[in-house]
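Dear colleague,

I am handing over the structure below, and after it I set out what was found. Please read the notes with the coordinates open beside you.

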Amino acid sequence: MAEPGAVSAQVVAWQAVHGRNSLPWQNTQDPYLVWLSEIMLQQTQVATVQNYFARFTAQLPTVQALAEASLDEVLGLWSGLGYYSRARNLHRCAQDVVRLHGGAFPRTAEVLLTLPGIGRSTAAAISSLCFGERVAILDANVKRVVTRLLGFDGDLAKAAQEHQLWHAATELLPAAPVAAQSMARYTQGMMDLGATVCLPKKPLCLVCPVQNACVACAGGDPQRYPVRSRKPKRSSQSIWMLWAHRPDGAVWLNTRPTPGVWAGLHCFPLFQDEEELHAAVPLGWRANLQAQAAFVHVLTHKDLHLHPWRLAVDASTGFPMPGGRWVPADQWPALGLPAPVRKLLVRD
Ligand code: SF4
């Protein structure tokens, strides 16, 4: 059985020597940088986030700059990272930090949690890493560490079991009072353990600092944790896209409505089926429509089967498609575009 005090001390000591200390959002108490990295790292790999993080912070270096930016600019910087509700919430959250908190992030998880897009674990990560608050985080990586360490086999698809795990994670925290620096190191250490040692498929128990206390390791089958019975249901949707372009490289884009797929992004006009797409194109131009290879774009809970159709349009004629505009070739790369649309345009 894990001894909370001993475990947290082992994690803190291990993090100082073996943890990740060189990522651009580490070794900082700037809540803007920590918050931004936490949001970007949800659903996205570290290697991908590094480039986006550098570009984002170069253009919008403070929460004030982000609050003052247009949503279009934010979506443009986010373009390709996916899960665009994160970018929209990021923008709203920055505006709330400026409007409601005078431009300074709240220092406790309880108040951070009231901001758009900040969940319980993200709130705790910001307050413990930046302000030393003694509060537990429980993102997917840390859930894996805690369930294995404690041999916690409650079904995390059930809210009551998830609640219990939060309680167990809180019990593991360094004993109060704890210095802010140790608290930050503990939080970072738990994240690092989950990301680099307690791996989903092949945990590296031999080099794990808490191996002596780990129930799952002693049982010989760490991979059976965490337990989650319900798998998210996948669905699929077919979408037809009208890729209209002019000889000067301009493309026809409209803004996707909110809510809906790719809400707020700039996109080719979309249709439910081929007939609808054909009907939207003036009769005399339909002969110019060219079907492109269909492909599948995978979202979290949905597979999108995409059917692009190209339409070459003479620059001198109008284009009677409601609700969109021609976007010049030197402008569309900076816009927030759905990843598959960008891929088609870049490859062209
Ligand atoms: Fe994970 Fe193995 Fe460490 Fe236990 S000993 S926390 S299973 S890496």
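Please keep in mind throughout that this is a predicted model. I begin with the ligand, whose surrounding shell has, by class, 9 nonpolar residues, 1 polar residue and 1 charged residue. The residues around the ligand are Arg-148, Val-197, Cys-198, Pro-203, Cys-205, Cys-208, Val-210, Gln-211, Cys-214, Cys-217 and Pro-222. As for where the ligand sits, its place is in the largest cavity.

The next element is helix α8, which runs over residues 120-131 and has 12 residues. From its first C-alpha to its last, α8 reaches 16 Å, which is close to the 16 Å expected at 1.5 Å a residue. The helix is mostly covered, in that 11 of its 12 residues are buried, and these buried residues are Ser-121, Thr-122, Ala-123, Ala-124, Ala-125, Ile-126, Ser-127, Ser-128, Leu-129, Cys-130 and Phe-131. The elements against which the buried residues of α8 pack are α2 (31-41), α7 (109-112), α10 (159-171) and α11 (180-197). Just after α8 comes Gly-132, which takes a positive phi of about 70 degrees.

Two of the α8 residues return in the surroundings of Gln-29: leaving aside residues up to four places away in sequence, Gln-29 touches Leu-129 and Cys-130. Gln-29 itself is found in the loop between α1 (4-18) and α2. Is Gln-29 buried or exposed? Its relative accessible area is 53%, and because the cut-off for exposed is over 50%, Gln-29 counts as exposed. Along the chain, Gln-29 and Gln-43 are 14 residues apart, and their C-alpha atoms are separated by 23 Å.

A second loop residue, Leu-265, is found between β2 (251-255) and β3 (266-267). Leu-265 has a relative accessibility of 0%, and since buried means under 20%, Leu-265 counts as buried. Not counting residues up to four places away in sequence, Leu-265 touches Leu-75, Tyr-84, Asn-254, Thr-255, Arg-256, Gly-336, Leu-337 and Pro-338. Leu-265 and Ala-47, which are 218 residues apart in sequence, lie 24 Å apart in space, C-alpha to C-alpha.

To go through the model yourself, you might start from the ligand and its cavity, continue to α8 and the helices that its buried residues pack against, and finish with the two loop residues, Gln-29 and Leu-265.

With best wishes

Conventions:
Residues numbered from 1 in each chain as written. Predicted model: local features only at pLDDT ≥ 70, side-chain atom pairs only at ≥ 80, totals over all residues. Heavy atoms only, no water. Near = heavy atom within 4 Å. 1 Å grid on protein atoms, 1.4 Å probe; cavity = no way out; pocket = protein on both sides within 12 Å on 5 of 7 lines; lining within 4 Å. Sits in = over half its atoms within 2 Å of the grid points. Nonpolar A, V, L, I, M, F, W, Y, C, P; charged D, E, K, R; others polar. Helix = DSSP H or I, 4+ residues; strand = E, 2+ residues; numbered from the N terminus. Expected span 1.5 Å × (residues − 1). Buried < 20%, exposed > 50% of the residue type's maximum accessible area, 1.4 Å probe, protein only. Contact = heavy atoms within 4.5 Å.
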